[in-house]
Amino acid sequence: MALVEEDAAPAATAAPDPTAGSSDNEITVEEASFVHTESSQDGTAPPVVTSDMEVLHDKVKKQVIKEGHGKKPLKFATCFVHYRAWVQGSLHKFEDTWQEQHPIELVLGKEKKAIAGLGIGVGNMRSGERALLHVGWELGYGKEGSFSFPNAPPMADLVYEVELIGFDDVKEGKARSDMTVEERIAAADRRKVEGNEYFKEKKLEEAMQQYEMAVAYMGDDFMFQLFGKYRDMALAVKNPCHLNMAACLIKLKRFDEAIAQCSIVLSEDESNVKALFRRGKAKSELGQTESAREDFLKAKKYSPEDKDILRELRLLAEQDKVLYQKQKELYKGLFGPRPEAKPKAANYLVPFWQWLVSLISYIVKLFKRKNE
């Protein structure tokens with residue numbers, strides 16, 4: 001049960017998987033450094049950025065936090081974006097997609113008026129790029145502001161911390177909500193295949209972004225509507241993406257996130273051996289020994305001959321022995337060694353007195369006999 005993900009059979013409309021091996025269609029996750037789509041800080045305030053200010057529009061300026069790669073999206077491209085939004089000059093944060101753990105979908109040229117400035121900024125970014133956008137109130141929530149959600153005051157200049165996860169030019173101007181079920185599954189599968197290609201090139205940052213975009217095509221609202229074969233088709237694409245992300249996160253020692261990815265798969269398929277194994281592996285690394293053992297034992301139930309599962313169980317047993325010995329030594333040191341019994345000093349007076357009493361008793365008895 002190595003940290004590899006076996007691609008499930010692709011959906012009927014999905015593209016063939018070019019990374020499929022000759023035997024068991026595995027993708028090996030090589031160890032490398034990359035940045036997953038997470039916020040650059042705790043998000044209580046806009047990040048401090050020292051890069052040059054780039055003027056994109058009279059009311060939109062950009063500072064690059066992290067460089068992206070590839071080309072910029074064209075008009076009508078479907079972009080997947082994470083962002084935080086603050087009112088400029090204050091700590092009033094009114095939106096945070098990282099916290100909600102759901103990127104938004106933005107079709108360039110068709111965005112709402114309230115996020116027109118955000119659309120201009122995203123249109124001038126590359127995949128994987130993270131930037132700070134300064135947007136004037138005219139291209140934000142305007143003179144009136146917004147008193148519902150999101151809550152922005154009137155004439156408020158805005159600051160966005162934005163990451164462009166990726167974009168899709170395939171379906172020009174067609175949002176996910178306008179796609180058929182087959183189109184969404186096929187679009188997600190294309191992203192998964194592209195992610196596999198990046199894996200082969202050891203470009204794990206780009207691969208991770210593709211998997212996340214694939215998952216974004218099949219959000220909770222979409223999956224809730226699927227039944228029967230369509231749900232099976234969607235899960236055959238979605239679950240391998242989660243498991244590949246979990247494998248990457250384990251390599252990066254981001255074990256809590258890996259556990260979360262595996263748990264998503266197990267909520268749909270509680271007998272998924274790879275999800276159980278990887279979640280157990282992550283828990284073991286965090287020192288959650290008993291919980292990890294439970295996952296490994298469940299995995300063993302469904303795959304009793306798997307050598308990797310058996311090895312992890314043996315390692316846990318060995319760790320238990322080592323821990324027991326350490327505790328034994330610790331308690332021994334706390335309470336100290338048991339004091340040894342001191343040998344009693346020889347006392348010769350006792351046998352002497354016993355002999356003397358016996359002698360006197362004998363003399364008394366002898367004297368009585370003579371009198372009788």
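## Working through a predicted model

Setting aside neighbours within four places in sequence, Val135 touches Lys59, Val60, Gly117, Leu118, Gly140, Asp157, Leu158 and Tyr160. Keep in mind that this is a predicted model. Here are some exercises to try on it.

**Exercise 1. Place Val135 in the fold: which strand holds Val135, and is Val135 buried or exposed?**

Solution.
- Start with the secondary structure: Val135 sits in strand S8, which covers residues 130–135.
- Now check the accessibility. Val135 has a relative accessibility of 2%, and the cut-off for buried is under 20%, so Val135 counts as buried.
- Next, look across to Ala116. That residue is 19 residues away from Val135 along the chain, and their C-alpha atoms are 9.3 Å apart.
- Finally, go back to the contact list, which includes Gly117 and Leu118 as well as Leu158 and Tyr160.

**Exercise 2. Work out how H3 packs on H6: at what angle do the axes cross?**

Solution.
- Find the two helices: H3 is residues 181–200 and H6 is residues 228–251.
- Their axes come within 10 Å and cross at roughly 25°.
- Angles under 35 degrees count as roughly parallel, so H3 is roughly parallel to H6.
- The handedness of this crossing is left-handed.
- Then pick out the residues that touch. H3 brings Val181, Glu182, Ile185, Ala188, Asp189, Lys192, Asn196 and Phe199, while H6 answers with Tyr230, Met233, Ala234, Val237, Pro240, Cys241, Asn244 and Cys248.
- Sort them by class and you get eleven nonpolar, two polar and three charged residues.

**Exercise 3. Do the same for H6 and H7: how far apart are their axes?**

Solution.
- H7 is residues 255–268, and its axis lies 8 Å from that of H6, at an angle of about 160°.
- Anything over 145 degrees counts as roughly antiparallel, so H6 is roughly antiparallel to H7.
- H6 passes H7 in a left-handed crossing.
- On the H6 side, the residues involved are Arg231, Leu235, Lys238, Asn239, His242, Leu243, Met245, Ala246, Leu249 and Ile250. On the H7 side they are Phe255, Glu257, Ala258, Gln261, Cys262, Ile264, Val265 and Glu268.
- The class count for this contact is eleven nonpolar, three polar and four charged.

**Exercise 4. Track down some backbone oddities: which residues does a cis peptide bond join, and where is Phe76?**

Solution.
- The cis bond links Phe149 and Pro150, with omega at about -5°. Pro150 belongs to the loop between S8 and strand S9 (158–168).
- Stay in that loop between S8 and S9 for Met155. Its phi is near 50°, which is positive although the residue isn't glycine. Met155 has a relative accessible area of 45% and is partly exposed.
- Now move to Phe76, in the loop between strand S4 (60–66) and strand S5 (78–87). Phe76 is another non-glycine residue with positive phi, near 75°. At 28% relative accessible area, Phe76 is partly exposed.

**Exercise 5. Zoom out: how many helices and strands does the chain have?**

Solution.
- Count the elements: eleven helices and nine strands.
- Turn to burial: 46% of the 372 residues count as buried.
- For the surface, the chain exposes about 20,900 Å², and 54% of that comes from carbon and sulfur atoms.
- Last, the contacts. Take those with a separation of 6 or more, and 69% of them are between residues 24 or more positions apart.

Methods: Residues are numbered from 1 along each chain as its sequence is written. This is a predicted model: local features need pLDDT of at least 70, side-chain atom pairs count only at pLDDT 80 or more; totals for chains, interfaces and linings use all residues. Side-chain values use heavy atoms; hydrogens and water are left out. Axes are lines fitted to C-alpha atoms, for helices over the stretch in contact, and angles run from 0 to 180 degrees between N-to-C directions. Helices (H or I, at least four residues) and strands (E, at least two) are DSSP runs, numbered from the N terminus. Angles under 35 degrees count as roughly parallel, over 145 as roughly antiparallel, 65 to 115 as roughly perpendicular and the rest as oblique. A crossing is left-handed if the near helix is turned anticlockwise from the far one by less than a right angle, and right-handed if clockwise. Contact means heavy atoms within 4.5 Å. Ala, Val, Leu, Ile, Met, Phe, Trp, Tyr, Cys and Pro count as nonpolar, Asp, Glu, Lys and Arg as charged, and the others, Gly among them, as polar. Buried means under 20% relative accessible area, exposed over 50%, partly exposed in between (1.4 Å probe, protein chains only). Accessible areas come from the Shrake-Rupley method with a 1.4 Å probe; for residues, only the protein chains shown count as cover.
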